[in-house]
Amino acid sequence: MMSVIHLENICLDYVFRIPDRSIKKLVANIFSHFFLNKTHPVLPTSFRALNNINLELKKGDRVGLVGANGAGKSTLLRTLAKIYMPSSGKISVNGKVTAMLNSSLGLNPEMTGYENIMSLGLIRGFTRKEIRDKQTEIAEFTELGSFLNAPVHTYSQGMCLRLSFAVLTADVADILLVDEVIGAGDAAFLAKAQARFTNMVEASSLLVLASHDANTIRMLCNKLLYLERGQVKFFGDVEEGFARYYHDIGLSVAVLA
C-alpha cells in the first residue's frame with residue numbers, strides 16, 4: 001500500500017534572533033574576560049524542535065500523538081500541514097490536507113462571519129461556488145444566527161471556534177491533522193460537534209490527532225506516536241504506547257485508563 005505521509009530524517013530548528021550588543025556592552029565583556037577572568041554565558045541561537053523524524057503513515061492509519069509539553073507535537077502537525085518547512089530531510093504528503101490546529105487560525109477579525117466563511121473555505125481549497133452551496137449548512141451548524149453579519153473581532157473565543165470548526169468540517173478530508181478536539185461551547189453544541197468530527201474521521205483516509213485525552217485517542221486511533229524532545233520514542237500499538245509513555249513520566253496506566 002502506498003504511503004500517504006512519508007518523513008525521512010526530518011529536522012526542524014527554531015532560530016532565535018539575538019539583538020546586536022552595544023559597543024559599551026562589548027567592551028565590558030572583553031574587559032571582564034581578559035582582566036577579571038569572567039566568562040559570560042553564550043546564548044543559544046537555535047533550538048531543535050524535531051530531530052531526525054522517520055515516519056511512514058498509510059491509508060487507514062489513525063494516529064494519536066502524545067508527549068509532554070514542548071515534545072514537538074504541534075510542531076510536527078504544522079510541518080505535516082506545510083505551515084513550517086523542515087530545516088533538513090525529505091517530506092512527502094499525498095492527499096488533500098485539512099488542518100484543525102487553532103480555533104482562530106485563518107480568521108480575519110475585521111471581516112464578518114459570512115465573509116470569513118468564504119475566506120476560510122478558499123483557504124481550505126473549496127471553489128467559490130462550493131462555498132456558496134455549503135454556506136447555509138455551515139451557518140446553521142454554527143448556531144451564530146445574526147452574529148454572522150458582525151465582524152469577528154466582536155466574537156468570543158467559543159464563537160470563533162464554532163465558525164472555524166463548521167467550515168473545516170464542511171466536507172470530507174483525505175488527511176486530517178488535529179491539535180486537540182473541539183472542547184468549548186455548551187453541552188448540546190459540543191455533542192453535535194463531536195458527532196460531526198467523528199463522522200469526518202471515519203470518512204478520512206488518515207488521521208493524526210494530538211490530544212491530552214487518552215480516552216479520545218483510544219476511541220479514535222489505532223496507532224500511537226510518542227514524542228520526546230522532538231524525537232520518536234515509540235510508534236505502534238496504542239496500549240503499548242500508552243504503557244511506555246506513562247512509565248516514562250512516572251504514572252500508572254491503571255490511574256489514567
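Which residues does Val232 touch, not counting residues up to four places away in sequence? The exercises below work on a predicted model.

**Exercise 1. Place Val232 and list its contacts.**

Step 1. Locate the residue. Val232 sits in strand β9, which spans residues 231-236.

Step 2. Check its accessibility. The relative accessibility of Val232 is 32%. The buried class ends under 20% and the exposed class starts over 50%, so Val232 counts as partly exposed.

Step 3. List the contacts. Leaving out residues up to four places away in sequence, Val232 touches Ile53, Leu225, Tyr226 and Leu227.

Step 4. Look at Ile53 again. Val232 and Ile53 are 179 residues apart along the chain. Their C-alpha atoms are separated by 6.5 Å.

Step 5. Set this against the whole chain. Among contacts with a separation of 6 or more, residues 24 or more positions apart account for 73%.

**Exercise 2. Describe how strand β3 is covered and paired.**

Step 1. Count the buried residues. Strand β3 covers residues 62-66, and 5 of its 5 residues are buried.

Step 2. Sort them by direction. Arg62, Gly64 and Val66 point one way from β3. Val63 and Leu65 point the other way.

Step 3. Explain the pattern. In a regular strand, side chains alternate between the two faces of the sheet.

Step 4. Find one partner strand. β3 pairs with β7 (residues 206-210) in the parallel sense, over 4 bridges. Within this pairing, Gly64 stands opposite Leu209 of β7.

Step 5. Find another partner strand. β8 (residues 223-228) also runs parallel to β3, and 4 bridges join them. Here Leu65 has Leu225 as its bridge partner.

Step 6. Link back to Exercise 1. Leu225 is among the residues that Val232 touches.

**Exercise 3. Find the buried side of helix α6 and test its length.**

Step 1. Test the length. Helix α6 runs over residues 187-203 and has 17 residues. From first C-alpha to last, α6 reaches 24 Å, close to the 24 Å expected at 1.5 Å a residue.

Step 2. Pick out the buried residues. In α6 these are Phe189, Ala193, Arg196, Phe197, Met200 and Val201. They cover an arc of only 140° around the axis, so they lie on the same side of α6.

Step 3. Turn to the opposite face. The face of α6 turned away from the buried side carries the exposed residues Ala187, Ala188 and Glu202.

**Exercise 4. Connect Thr169 to helix α6.**

Step 1. Locate Thr169. It lies in the loop between α5 (157-168) and β6 (175-179).

Step 2. Classify it. Thr169 counts as buried because its relative accessibility is 7%, below the 20% limit.

Step 3. List its contacts. Not counting residues up to four places away in sequence, Thr169 touches Met100, Arg196 and Met200. Arg196 and Met200 are among the buried residues of α6.

Step 4. Find the polar contact. The side chains of Thr169 and Arg196 make one at 2.6 Å.

**Exercise 5. Compare the settings of two residues with positive phi, Asn9 and Lys82.**

Step 1. Take Asn9. Its phi is positive, about 55°, although Asn9 is not a glycine. Asn9 is found in strand β1, residues 3-15. At 36% relative accessibility, Asn9 counts as partly exposed.

Step 2. Take Lys82. Its phi is positive too, about 65°, and Lys82 is not a glycine. Lys82 is placed in the loop between α2 (73-80) and β4 (88-93). At 51% relative accessibility, Lys82 counts as exposed.

Step 3. Put them side by side. Asn9 belongs to a strand, whereas Lys82 belongs to a loop.

**Exercise 6. Classify Thr216 and two cysteines, then search for disulfides.**

Step 1. Start with Thr216. Thr216 is found in helix α7, residues 214-220. Its relative accessible area is 15%, so Thr216 is buried. Not counting residues up to four places away in sequence, Thr216 touches Val181, Leu209 and Ser211. Leu209 is the residue that Gly64 of β3 stands opposite.

Step 2. Classify the cysteines. Cys160 counts as buried at 11% relative accessibility. Cys221 is buried as well, with a relative accessible area of 10%.

Step 3. Search for disulfides. The whole structure holds 0.

Step 4. Close with the chain totals. The protein chain has 9 helices and 9 strands. Of its 257 residues, 40% count as buried.

Key: Residues are numbered from 1 along each chain as its sequence is written. This is a predicted model: local features need pLDDT of at least 70, side-chain atom pairs count only at pLDDT 80 or more; totals for chains, interfaces and linings use all residues. Side-chain values use heavy atoms; hydrogens and water are left out. A disulfide is a pair of cysteine sulfur atoms within 2.5 Å. Buried means under 20% relative accessible area, exposed over 50%, partly exposed in between (1.4 Å probe, protein chains only). Helices (H or I, at least four residues) and strands (E, at least two) are DSSP runs, numbered from the N terminus. The expected span of a helix is 1.5 Å times one less than its number of residues. The arc is that of the directions from the helix axis to the C-beta atoms. Two strands pair if DSSP finds at least two bridges between them. A polar contact is a pair of N or O atoms within 3.5 Å; within protein, one must be able to donate a hydrogen and the other to accept it, and residues adjacent in sequence count only if both atoms are side-chain atoms. Contact means heavy atoms within 4.5 Å.
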